[in-house]
Every structure is written in C-alpha cells, then in structure tokens.
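Let's take a friendly walk through this structure. Have the sequence and the 3D view open as you read.

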Amino acid sequence: MSDGAETLFERIIAGEIPADVVHQDATTFAFRDINPQARVHVLVVPRKRYRNVGELAAADPQLLADVLSACRKVAELEGIGESGYRVVFNTGADAGQTVFHVHAHVLGGEQLALFGSGHR
Ligand code: 5GP
C-alpha cells in the first residue's frame with residue numbers, strides 16, 4: 001500500500017471524477033481509459049488500493065483473482081471474449097506506470113500489435 005494521499009482512481013471510484021463505467025462489483029471497478037490505445041480499452045481496478053500488481057498478489061491473492069475475473073466479465077460485456085483481448089499490468093517506471101493504484105488494462109476489439117517472444 002502506498003502513502004495516504006488519495007489516488008486519481010479512488011476519486012473515480014468515489015464518483016468525484018466522472019468516468020464511463022463499464023462494470024462494478026463488491027471488490028472491483030471498471031471504466032474506459034480516457035486515452036484509448038485500442039477500440040476497447042477498459043481499466044479494471046480493485047476498490048482497495050495497492051500500488052501495483054506485485055503488492056496486490058503478495059497481500060491479497062483473492063482480490064487479484066477478483067480483478068482478473070472482472071477483466072473476463074468486461075471482455076464478455078464488450079463482445080471481445082471470443083475475438084481475443086490483452087490484459088496488461090504496467091508495473092513501475094520502466095513499464096510506464098503512471099497511476100499508482102493497481103489497474104489492469106483490458107485491450108481489444110481489433111488486431112493488436114503482436115507482442116511476445118517471436119514477435120520482436
Ligand atoms: P498506467 O500508465 O499507469 O498503466 O495507466 C494509467 C492509465 O490511466 C492511462 O492509460 C491513462 O490514459 C488513464 N487515465 C489517466 N487519467 C485518467 C482519467 O482521468 N480518467 C480515465 N478514465 N483514465 C485516465
């Protein structure tokens with residue numbers, strides 16, 4: 001967990017900053033990214049704040065499972081469960097993480113740039 005300052009995403013969850021909400025449940029909250037990198041680009045965050053996915057995994061594996069289940073639900077709601085989607089957790093400076101409230105990016109709705117071994 002990070003310091004006491006409220007993060008941007010806590011303010012979105014609280015409704016203090018407007019967002020296009022796609023899905024929510026008891027432990028997670030999902031909304032469209034303000035600067036989409038694909039036709040579908042939704043952020044899935046746990047309501048409880050951890051700085052990054054590593055801290056979340058260590059502290060609360062069930063909550064991490066909830067986040068991933070919510071990603072699957074978002075993909076179904078967005079109609080990309082079968083066509084395919086990517087789930088990304090930017091973690092730390094080299095990955096370009098800018099908001100230190102762990103969030104999964106759910107990307108899809110088009111052919112994404114190929115990524116991973118064999119595509120470099
Ligand atoms: P990161 O770079 O930390 O993995 O991702 C942060 C994401 O939050 C970025 O993709 C950025 O576009 C998104 N973002 C930043 N500010 C806002 C905002 O006020 N509203 C929404 N919906 N997304 C935001």
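What follows is a short tour of some aromatic rings, a pocket, a ligand and a handful of single residues. Keep in mind that this is a predicted model.

**The aromatic rings**

A good place to begin is with the phenylalanines. How many aromatic pairs are there? The count comes to two. One of them is made by Phe9 and Phe31, whose ring centres sit 5.4 Å apart with 75° between the planes, and that makes the pair edge-to-face. Phe9 belongs to helix α1 (residues 8-13) and Phe31 to strand β2 (residues 28-32), so this pair ties together parts that are 22 residues apart in sequence.

Are these two rings buried or exposed? Phe9 is buried, with a relative accessible area of 5%, and Phe31 is buried as well, at 2%. Buried here means under 20% relative accessible area, so a value of 5% puts Phe9 in that class.

Next come Phe29 and Phe31. Their centres are 6.1 Å apart and their planes meet at 50°, so this pair is tilted. Both Phe29 and Phe31 are buried. Put the pieces together and you get one aromatic cluster, formed by Phe9, Phe29 and Phe31.

**The largest pocket**

Now for some open space. The largest pocket has a volume of about 330 Å³. Which residues are closest to its centre? They are Phe9, Asp33, Ile34, Leu43 and Val99, out of 20 residues that line this pocket. So Phe9, a member of the aromatic cluster, turns up here too.The elements that give two or more residues to the lining are α1, β2 and β3 (40-46). Helix α1 gives the most, with three residues. By class, the lining has nine nonpolar, nine polar and two charged residues.

**Around the ligand**

The ligand is surrounded by 16 residues, and the closest are Arg32, Asp33, Thr98, His103 and His105. Asp33 is also among the residues closest to the centre of the largest pocket.

Here are some polar contacts with the ligand.

| Residue | Part of the residue | Ligand atom | Distance |
|---|---|---|---|
| Arg32 | backbone N or O atom | nitrogen | 2.9 Å |
| Asn90 | side-chain N or O atom | oxygen | 2.9 Å |
| Thr98 | polar backbone atom | oxygen | 2.7 Å |

**Two residues in the loop between β4 and β5**

His101 is found in the loop between β4 (85-88) and β5 (104-108). What is its relative accessible area? The value for His101 is 0%, which makes this residue buried. The side chain of His101 has a polar contact of 3.1 Å with the side chain of Thr7.

Gln97 is found in the loop between β4 and β5 as well. At 7% relative accessibility, Gln97 counts as buried. Which backbone atoms does its side chain meet? A polar atom of the Gln97 side chain lies 2.9 Å from the backbone oxygen of Arg51. The backbone nitrogen of Gly92 also lies 2.9 Å from a polar atom of that side chain.

**The loop before β2**

Asp25 is found in the loop between β1 (21-24) and β2. Asp25 has a relative accessible area of 30%, so this residue is partly exposed. Its side chain reaches the backbone nitrogen of Thr27 at 3.1 Å, and a polar atom of that side chain lies 2.7 Å from the backbone nitrogen of Thr28. How far is Asp25 from Ala70, going by the C-alpha atoms? They are separated by 8.4 Å, although the two residues are 45 apart along the chain.

**Two buried residues in helices**

Val74 is found in helix α3 (residues 61-77). Val74 is buried, with a relative accessible area of 0%. Its C-alpha atom is 11 Å from that of Thr28, and the two residues are 46 apart along the chain. You have met Thr28 already, as its backbone nitrogen lies 2.7 Å from the side chain of Asp25.

Ile12 has its place in helix α1, the helix that also holds Phe9. Ile12 is buried too, with a relative accessible area of 9%. The C-alpha atoms of Ile12 and Cys71 are separated by 18 Å, with their positions 59 residues apart along the chain.

Key:
Residues are numbered from 1 along each chain as its sequence is written. This is a predicted model: local features need pLDDT of at least 70, side-chain atom pairs count only at pLDDT 80 or more; totals for chains, interfaces and linings use all residues. Side-chain values use heavy atoms; hydrogens and water are left out. Rings of Phe, Tyr and Trp (its six-membered ring) pair if their centres lie within 6.5 Å; planes under 30 degrees apart count as stacked, over 60 as edge-to-face and the rest as tilted. Helices (H or I, at least four residues) and strands (E, at least two) are DSSP runs, numbered from the N terminus. Buried means under 20% relative accessible area, exposed over 50%, partly exposed in between (1.4 Å probe, protein chains only). On a 1 Å grid over the protein atoms alone, a cavity is a set of points where a 1.4 Å probe fits but cannot get out, and a pocket is an open set with protein on both sides within 12 Å along at least five of seven lines; lining residues have an atom within 4 Å of a point. Grid points are joined across faces, edges and corners, and a volume is the space filled by probe spheres set on the points. Ala, Val, Leu, Ile, Met, Phe, Trp, Tyr, Cys and Pro count as nonpolar, Asp, Glu, Lys and Arg as charged, and the others, Gly among them, as polar. A residue is near a molecule or strand if one of its heavy atoms lies within 4 Å of it. A polar contact is a pair of N or O atoms within 3.5 Å; within protein, one must be able to donate a hydrogen and the other to accept it, and residues adjacent in sequence count only if both atoms are side-chain atoms.
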